Amino acid sequence: MRHEIRFSGFGGQGIILSAVILGRAAALYDQKYAVQTQVYGPEARGGASMSAVIIDDEPILFPKVRDPDTYVIMSQQGFEKYGKSPRDDAVMLLDSDLVHDRPSCTWVGIPATLSAKKDLGREIVANIIMLGALTTATTVVSGPALEKAILDSVPKGTEDLNLKAMRRGQELGIEGGSS
Amino acid sequence: MQGNIASAEGALAAGCTFFGGYPITPSTEVAEHMATRMPKIKGACFIQMEDEIASIAAVIGAAWTGARSMTATSGPGFSLMMENIGYAVMTETPCVIVNIQRGGPSTGQPTMAAQGDIMQVKFGSHGDYSIIALAPSSVQECFDLTAKAFNLADRFRTPVFLMADEVIGHMREKIEIPDSVEIVRPKPLPEGALPFAPGPDGVSGFAAFGTGRHIPVTGLTHDERGYPDTTNPARHESLVRRLVSKIEDARHDIADYSIVNEEAEYVFVCYGAPVRTVREVVERLRLPDTGYLQLRTVWPFPEGLLSRFPKVKAFIVPEMNLGMMAREIERHVSVPVIPVSKIGGDLHTPEELVEAVKAAGGLL
């Protein structure tokens with residue numbers, strides 16, 4: 001099974017780190033092949049940021065994501081630049097307070113930034129909430145693999161906060177999916 | 001792991017103990033990673049130099065102490081290094097130079113991929129010479145080929161170049177890091193031998209500074225003792241011909257490549273990031289009558305490999321430049337060579353290569 005996942009938001013939200021963590025989870029802990037790429041440029045800070053992951057059971061040859069089946073979008077500008085024309089069977093996870101438009105494909109609203117601030121007291125873990133939601137709203141990555149990859153990737157002393165964020169995301173992924 | 005980090009790790013696995021560099025996008029992660037890792041390795045030294053000219057000079061100096069020595073840069077920095085690259089060639093200094101290519105000329109496109117330095121690496125410094133250049137197309141190859149570059153540098157006493165690009169340098173993939181990598185050190189300089197007297201393969205033995213041998217090192221045309229001798233035409237001719245032939249005569253030995261489908265009529269010749277698109281088209285989409293030659297060694301150009309395709313009707317050469325290697329390939333074959341040139345920073349798409357095969361007369 002092949003998945004192409006595109007992340008987008010604004011610089012500083014951890015859009016690239018999200019893709020790195022997802023790729024790591026898939027490649028090292030779900031025993032799949034994964035390639036992570038990004039739009040790499042000075043304009044990314046504050047502007048629209050984009051990163052992408054391909055996950056496959058087979059080795060990945062062409063490395064760039066071109067027709068995502070899964071989106072994680074965390075800003076209106078990111079939606080406009082990278083999420084406007086999804087294919088019909090795609091699934092889009094949206095930060096429901098920061099993205100105002102809704103796509104033509106299936107979408108799941110996740111109030112990640114709001115919940116990060118309100119429930120966890122740290123806006124910075126909104127991206128981890130989105131990743132958590134990915135494990136329950138889609139099948140691209142398993143919860144245990146994501147948990148290990150998060151623990152590999154976050155600074156020492158923030159493990160609990162990040163795992164709480166992941167679990168909150170898993171809850172929101174189920175709620176959002178059923179709404 | 002990212003391509004740039006894998007390149008740094010490949011160097012460390014090969015025993016690199018000196019890095020002198022100046023950060024430049026999109027190669028910066030190589031230096032950054034070395035700056036983190038090297039202070040923790042006994043005997044290793046990382047220096048951020050004041051610019052790229054000083055960086056390559058420091059690398060050459062460190063190599064003469066016997067250290068496995070490297071730098072990493074991109075287009076503008078690579079241009080600055082050119083003079084001292086010639087000095088490394090003339091003084092037969094083993095060293096490794098990583099170039100994560102970006103769009104040029106000049107400062108061009110700092111954050112976008114290109115392969116526009118693939119001729120500069122061979123011809124950019126003045127005078128006649130040959131070098132060895134390798135091109136990775138995956139994160140694994142960034143590791144493997146950087147480690148290999150040190151062996152080639154030592155074996156042939158020459159600068160060796162890892163010609164990657166922004167796509168491969170910044171991409172992340174899973175790699176397998178071996179417990180140890182093969183290490184080939186330079187032939188020692190025999191007792192009583194002159195420091196620039198060639199062995200049967202045209203390569204002299206190497207004795208580092210501080211090992212008790214008298215070794216003058218000069219960029220001037222020199223005799224086998226290393227003493228300048230700049231007005232004797234025969235001396236210059238034999239020296240420069242040896243510097244070229246020690247590498248060119250070993251081209252098929254140095255060649256690192258993959259061939260898929262020798263029976264193909266439409267054969268892609270590719271190196272670096274476009275290899276990924278070629279493999280997508282040939283191996284995954286299984287486009288009929290197509291095959292490919294992937295060059296991991298770009299220079300010296302292993303032209304004999306082109307004759308491995310008896311049914312070839314056209315060679316198709318996707319490059320992120322305006323057809324640089326296509327012209328080299330054209331010199332060696334009688335069938336049409338079709339460049340698929342793409343500049344601007346994006347990798348060729350599979351559709352573009354399918355179109356190129358159609359335009360060449362395939363898929364009818």
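# Two chains, questions and answers

Trainee: Where H1(A) passes H4(A), is the crossing left-handed or right-handed?

Mentor: A crossing is left-handed if the near helix is turned anticlockwise from the far one by less than a right angle, and right-handed if clockwise. Helices here are DSSP runs of H or I with at least four residues, and strands are runs of E with at least two, both numbered from the N terminus. H1(A) passes H4(A) in a crossing that is right-handed.

Trainee: At what angle do the axes of H1(A) and H4(A) cross?

Mentor: Axes are lines fitted to C-alpha atoms, for helices over the stretch in contact, and angles run from 0 to 180 degrees between N-to-C directions. For H1 (residues 15–29) and H4 (residues 126–137) of chain A, the axes come within 9 Å and cross at roughly 35°.

Trainee: Which residues of H4(A) make the contact with H1(A)?

Mentor: Two residues are in contact if their C-beta atoms, placed from the backbone, lie within 7 Å. H1(A) brings Ile15(A), Leu17(A), Ser18(A), Ile21(A) and Leu22(A), and the residues of H4(A) are Asn127(A), Met130(A) and Leu131(A).

Trainee: How should the numbering and the model be read?

Mentor: Residues are numbered from 1 along each chain as its sequence is written, while chains are lettered from A and ligands numbered from 1 in the order in which they are written. This is a predicted model, in which local features need pLDDT of at least 70, side-chain atom pairs count only at pLDDT 80 or more, and totals for chains, interfaces and linings use all residues.

Trainee: What arc do the buried residues of H5(A) cover around the axis?

Mentor: A residue is buried if 20 or more other C-beta atoms lie within 10 Å of its own, exposed if 12 or fewer, and partly exposed in between, with C-beta atoms placed from the backbone. In H5 (residues 143–153) of chain A, the buried ones are Ala145(A), Leu146(A), Ala149(A) and Ile150(A). They lie on the same side of H5(A) because the arc, taken from the directions from the helix axis to the C-beta atoms, is only 135°.

Trainee: Is Leu98(A) buried or exposed?

Mentor: Leu98(A) lies in the loop between strands E5 (91–95) and E6 (106–110) of chain A. Beyond four places in sequence, Leu98(A) touches Met74(A), Ser75(A), Gln76(A) and Thr113(A). Because 21 other C-beta atoms lie within 10 Å, Leu98(A) is buried.

Trainee: How far apart are the C-alpha centres of the two domains of chain B?

Mentor: Domain bounds come from an automatic or database domain assignment. For chain B the assignment gives domain 1 (3–170) and domain 2 (256–359). Their C-alpha centres are separated by 26 Å.

Trainee: Which element gives the largest share of the side of chain B that touches chain A?

Mentor: The contact joins 15 residues of chain B to 16 residues of chain A. Strand E8 (172–173) and helix H10 (274–284) of chain B are the elements giving two or more residues to the side of chain B. The largest share, six residues, comes from H10(B).

Trainee: Which residue precedes Pro26(B) across a cis peptide bond?

Mentor: Pro26(B) sits in the loop between strand E1 (16–21) and helix H2 (28–37) of chain B. With omega about 0°, the cis bond joins Pro26(B) to Thr25(B).

Trainee: What is the phi of Arg157(B)?

Mentor: Arg157(B) is buried, with 27 other C-beta atoms within 10 Å. Although Arg157(B) is not a glycine, its phi is positive, at about 45°.
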